[in-house]
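Work through the exercises below with the model open beside you. Try each task before reading its solution.

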Amino acid sequence: MDKFVIEGGRTLRGKVRVCGSKNAVLPVLAASLLSDEPLVIPNAPRLSDVESMLDVLRDLGSTASRRSDGAVLVQSADTPADCASWDHVRKMRGSISVLGPLLARHGRAVVSQPGGCVIGVRPIDLHLKGLRALGAKIETEHGYVVAEAPKGGLKGDEMYLGGPQGSTVLGTANVMMAATLARGRTVIHGAACEPEVVDLGDCLNKMGAKISGLGSPRIVIDGVERLGGATHAVIPDRIEAGTYLIAGVMTGGAVRVENCRPDHLTVLLERLGEARVPFQQGPDWIASVPYDVRDRARAPQPTDVTTLPYPAFPTDLQAQWMALMTLANGMSVITETIYSDRYMHVAELMRLGATVRRQGASAIVLGPAPLSGAPVMASDLRASAALVLAGLVAKGTTEIHRVYHIDRGYERIEERLRALGAEIKRVDDREPAGTDEPPTVKTVVPTESGAKAAKRKPTGAPATRRAT
Ligand code: EPU
């Protein structure tokens, strides 16, 4: 296991190019199961979650490889295996999105239930409700979802997929994929409007599907006989873009986040404006504007956020926003309505000197906090990102343990932050205590063989290593 060691206080400057979106690429990879022709994703990010998804697909009989130009090519077997086991699904919740495609193309799917995770209870009842509406018979046995299509295949229908917390991203994705090969028309009401769902729909349409209404809560899918292959570049990762922008803002630096979609980050930009944080934007870039962080008059104004489904403030940027608000001039309230327990970062931010009080689904942040470096523990992907942000501005040295969480969703984050001027290194966390030797600095780029080797590591995955 690796850790990050950060010397805080450096001002970030420069350009950073956003990678392909993690949450877009995972269901797009699953969509390859709907066809026997190849699907090429030129900009699939190099993330451990992507490698895990490729492992799931290989287990199902697909060929999956990364070409020398970085593109990922996947091709489903003529007759894939129908069972996605707990071994893979537990690592990454996104792998539940193989359920709909397998069921639609092969009439049967056995997929491990993903279970809860550190950010809270994450049921899949809405996925199952939608697939049942298409005629599937679904049982849950021994922790697995066993789904069977009726004789003659799935049949389109009208359904409402909203739940107590609003729409479901992967639930919409799963049902939309299944409906592409169902007979007749499917109408999903209460569909997720997230850009990642739109991107999946765009990819499916390139493969020959007939989907309209993408980006609205009413998606219409007219089933087709078969889908073909496609080449599809996924949208830039809006959460990665937001994270680097906040890094620039927190350090008072000039960070230009390139290859991003500012229109996917409207609420973040609106909230930054409200916090009186200066930034500039163009059609595909956003840049923080430098200021003197010692000038308290220039500090961000306390600004509340409430996480809600798109286009509102994304839960996946809640922890990073909290890190920013620790620097604000006063009290801000953060309310998490998607995952009410997604506050694992609070205790660790407090170790760095933040003042935060939890009250139900809200957290009250009192700034400005004199952040100072300390050893902290990453608990999930976005919590880890918040700790990195706090470490960049904390006085002295911050050590962030268990950074494998961050490798799931940020490609080479430490190298890219270093290129912006941050003092951050990746160190093997198993260095013997008390040694005078300098720690081993590592470079990690997930590869297929690397992912396999990691699986063979005798240390195994700790119990907390759960899907986000
Ligand atoms: N929900 C249900 N029933 C369901 C499905 C969801 O009640 O059948 C509830 C959830 O418990 C939650 C809410 O609905 O309260 C929204 O969950 P959703 O299904 O939208 O989440 P997801 O599709 O499992 C994706 C992202 C998450 C992101 C959420 C919300 C992927 C792989 N994951 O999860 O990303 O937080 O949407 O935007 O796309 C991350 O990247 O760090 C991450 C956790």
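Two strands pair if DSSP finds at least two bridges between them. Strands (E, at least two residues) and helices (H or I, at least four residues) are DSSP runs, numbered from the N terminus. This is a predicted model: local features need pLDDT of at least 70, side-chain atom pairs count only at pLDDT 80 or more, and totals for chains, interfaces and linings use all residues. Residues are numbered from 1 along each chain as its sequence is written, and side-chain values use heavy atoms, with hydrogens and water left out.

**Exercise 1. Work out the strand order of the open sheet of 4 strands.**

Step 1. Read the order: E18-E19-E21-E20, with mixed pairing.
Step 2. Find the edges. They are E18 (305-307) and E20 (355-359), and each pairs on one side only.
Step 3. Check the turn. Neighbouring strands of this sheet are turned by 15 degrees against each other on average, direction ignored. Axes here are lines fitted to C-alpha atoms, and angles run from 0 to 180 degrees between N-to-C directions.
Step 4. Look at one pair. E18 and E19 (residues 331-336) run parallel and are joined by 3 bridges. Thr307 stands opposite Glu336 in E19.

**Exercise 2. Find the partners of strand E17 and decide whether its faces are covered or not.**

Step 1. Take E15 (residues 254-258). It is joined to E17 by 3 bridges, and the two run antiparallel. Glu258 has Trp285 in E17 as its bridge partner.
Step 2. Take E16 (residues 279-281). Again 3 bridges lead to E17, antiparallel. Phe279 stands opposite Ser288.
Step 3. Inspect the link. E16 and E17 form a hairpin with 3 residues between them.
Step 4. Judge the faces of E17 (residues 285-288). Trp285 and Ala287 on one side are buried, as are Ile286 and Ser288 on the other, so both faces are covered. Buried means under 20% relative accessible area, exposed over 50%, partly exposed in between (1.4 Å probe, protein chains only).

**Exercise 3. How many residues of helix H1 are buried?**

Step 1. Locate H1 at residues 22-31.
Step 2. Count: 9 of its 10 residues are buried. Among them are Lys22, Val25 and Leu29.
Step 3. Go to the start of H1. A side-chain oxygen of Ser21 reaches to within 3.3 Å of the backbone nitrogen of Asn23.

**Exercise 4. Describe how domain 1 and domain 2 meet.**

Step 1. Set the bounds. An automatic or database assignment gives domain 1 (2-18 + 237-428) and domain 2 (22-235).
Step 2. Count contacts (heavy atoms within 4.5 Å). 23 residues of domain 1 touch 20 residues of domain 2.
Step 3. Note the spacing. The C-alpha centres lie 31 Å apart.

Conventions
Polar contact = N/O pair within 3.5 Å; in protein donor to acceptor, adjacent residues only side chain to side chain.
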